[in-house]
Amino acid sequence: MKDFYEYDYSESPRQDTYTPTIGELDLEARSSLRRLTRGTSTYTDEQADGYDVEYRKLRLERVVLVGVWTEGTVQQIEARLDELAALAETAGSEIADMLYQKRDKPDSGTYIGSGKVDELKSIVAETGADTVICDGELSPGQMIALEKALDVKVIDRTMLILDIFAQHAKSKEGKAQVALAQMEYLITRVRGWGGALSRQAGGRAGSNGGVGLRGPGETKIEADRRRLRSDMAKLRKEIAAMKTSREVKRMRRDQATIPQVAIAGYTNAGKSSLINALTNAGVLVEDALFATLDPTTRRANLADGRAVVFTDTVGFVRHLPTQLVEAFRSTLEEVLAADVVLHVVDGSDPFPMEQIAAVNKVIGEIVEETGQPAPPEILVVNKIDAADPLTLAELRHRLDAVVFVSAHTGEGIPELETRLEMFLNTLDREVSLHVPFSRGDVVARVHEYGTVLTEEYDADGTWLRVRLPAQVVDELAEFCHEQH
């Protein structure tokens with residue numbers, strides 16, 4: 001028997017070493033943390049952080065999806081339910097069944113009509129589902145009524161998205177933003193547990209101010225709301241401090257005169273795959289909704305040698321909860337700070353025009369509230385290798401100046417880089433520089449930040465005809481000359 005500290009290396013075959021990328025490590029960590037609790041009911045009274053609130057940690061198992069069809073075609077409502085199914089699977093659940101109801105508007109009492117509630121109850125019993133997810137934001141009354149009627153956990157689209165964000169947030173700022181969004185959602189849905197609804201004052205004199213001042217004390221619900229408001233104020237201060245740190249970093253990037261390119265678009269449209277195709281950055285890529293929550297910034301060089309900075313931002317979705325828009329405003333402002341936005345659209349989606357409208361709506365809200373104009377955008381239709389040719393033909397007909405690419409196969413990427421170079425050239429000034437041989441640092445800077453059109457030499461130095469950012473031209477004014 002070998003000694004505990006001995007190891008015979010000859011017994012193990014030699015293996016080639018492999019260093020995983022950052023994205024692969026993130027994906028492995030995320031998979032290990034995904035919450036799947038098979039065989040455990042979700043209807044358990046878990047109280048997180050000491051709050052007695054109607055929000056348990058979502059341990060989704062088998063779920064039934066419910067939608068209300070108020071407008072649009074059958075294909076559109078089915079596409080929305082398919083998106084809800086993708087959200088539920090991203091959260092770690094298994095879809096047992098789905099149903100929808102045609103109504104002018106959702107029922108004020110139970111979201112769906114009483115007959116549909118009975119049908120839903122039988123589906124829950126037959127499939128053994130323990131969670132029902134509604135494709136909309138439920139009022140507290142609707143949620144309580146459905147839970148009483150179905151005797152299972154009922155959540156809405158907002159709670160589901162918040163749970164996904166809580167699972168996927170990695171950075172300190174991302175976690176704080178998700179926590180704030182959850183608290184803003186919970187504060188209107190606090191309700192007591194059983195007999196813990198209030199704390200009545202005692203009868204002894206002096207216990208609550210003495211004679212004439214006795215009565216009900218602070219209710220448990222009021223105490224929960226007070227604690228939530230206090231914690232929300234602390235989180236807002238923390239996020240504001242983190243925003244200052246990001247603004248400092250952004251200011252440094254601006255001073256470096258490197259063009260800023262933000263990649264925005266619908267969730268799971270392939271934004272991270274596109275930034276990898278453009279920069280070989282190794283950013284996390286996962287076929288799941290909201291895989292990217294923390295902005296990822298990568299520097300790369302275009303084909304003409306120009307240095308640019310790409311920022312991968314959080315994705316948008318239809319009916320994005322207002323709490324998330326508020327909490328992630330500092331992150332979304334990265335889009336407004338860019339010189340140009342690559343608006344990525346999923347070409348394989350059955351209704352890509354609805355994706356474009358949803359993204360433009362959120363960006364419009366941010367522009368309206370901040371008063372900062374939106375930067376120019378280049379529309380990029382991704383996943384053309386998996387798209388329906390008829391859908392692509394419709395997009396070509398309805399949209400102008402669109403670049404069709406596949407980040408997976410690389411098709412169209414050179415055309416996108418050319419389009420990006422052409423746009424960045426419009427932001428530059430074309431000048432002639434005469435740089436002495438002793439100022440090699442100036443020549444190096446010109447090559448880094450600009451596009452060199454011609455380069456010639458004479459006895460005194462180097463003649464350069466270049467396109468440079470206006471800020472760099474001002475800094476190098478002493479070298480600007482007319483071409484000899």
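Start with the cysteines: C134 is tucked away in this predicted model, buried at a relative accessible area of 1%. C480 is another matter, since its relative accessibility of 27% puts this residue in the partly exposed class. If you're wondering about crosslinks, a search of the whole structure turns up 0 disulfides. For reference, a disulfide is a covalent bond joining the sulfur atoms of two cysteines.

Let's stay with C480 for a moment. You'll find C480 in the segment that follows α15, the helix at 470–475. Leaving aside residues up to four places away in sequence, C480 touches S432, L433 and V473. Look at V431 too: 49 residues separate V431 from C480 in sequence, yet their C-alpha atoms sit 6.9 Å apart in space.

Now step back to the chain as a whole. Its secondary structure adds up to 15 helices and 13 strands, and 50% of the 484 residues count as buried. Take the contacts in the chain with a separation of 6 or more: 68% of them are between residues 24 or more positions apart.

Next, a pair of helices worth rotating into view. Helix α5 covers residues 157–168 and helix α6 covers residues 172–186; the two pack at an angle of about 155 degrees, with axes 9 Å apart. Angles over 145 degrees count as roughly antiparallel, so α5 is roughly antiparallel to α6. The handedness of the α5 and α6 crossing is left-handed.

Which residues in α5 and α6 meet? From α5 come T158, M159, L162, F165 and A166, and across from them in α6 are V178, A181, Q182 and Y185. Sorted by class, this contact of α5 with α6 has 7 nonpolar and 2 polar residues, with no charged ones.

Finally, go to helix α8, residues 271–279. This helix is mostly covered, with 7 of its 9 residues buried. The buried residues are K271, S272, L274, I275, N276, L278 and T279, so if you want to check the 7, color those; buried here means under 20% relative accessible area.

What do the buried residues of α8 pack against? There are strands β5 (260–265), β6 (296–301), β7 (307–312), β8 (340–346) and β9 (377–382), along with helix α13 (413–426). Just past the end of α8, look at the backbone of N280, where phi is positive at about 55 degrees.

Notes
Residues numbered from 1 in each chain as written. Predicted model: local features only at pLDDT ≥ 70, side-chain atom pairs only at ≥ 80, totals over all residues. Heavy atoms only, no water. Axes fitted to C-alpha atoms, helices over the stretch in contact; angles between N-to-C directions. Helix = DSSP H or I, 4+ residues; strand = E, 2+ residues; numbered from the N terminus. Parallel < 35°, antiparallel > 145°, perpendicular 65-115°, else oblique. Left-handed = near helix turned anticlockwise from the far one by under 90°. Contact = heavy atoms within 4.5 Å. Nonpolar A, V, L, I, M, F, W, Y, C, P; charged D, E, K, R; others polar. Disulfide = S-S within 2.5 Å. Buried < 20%, exposed > 50% of the residue type's maximum accessible area, 1.4 Å probe, protein only.
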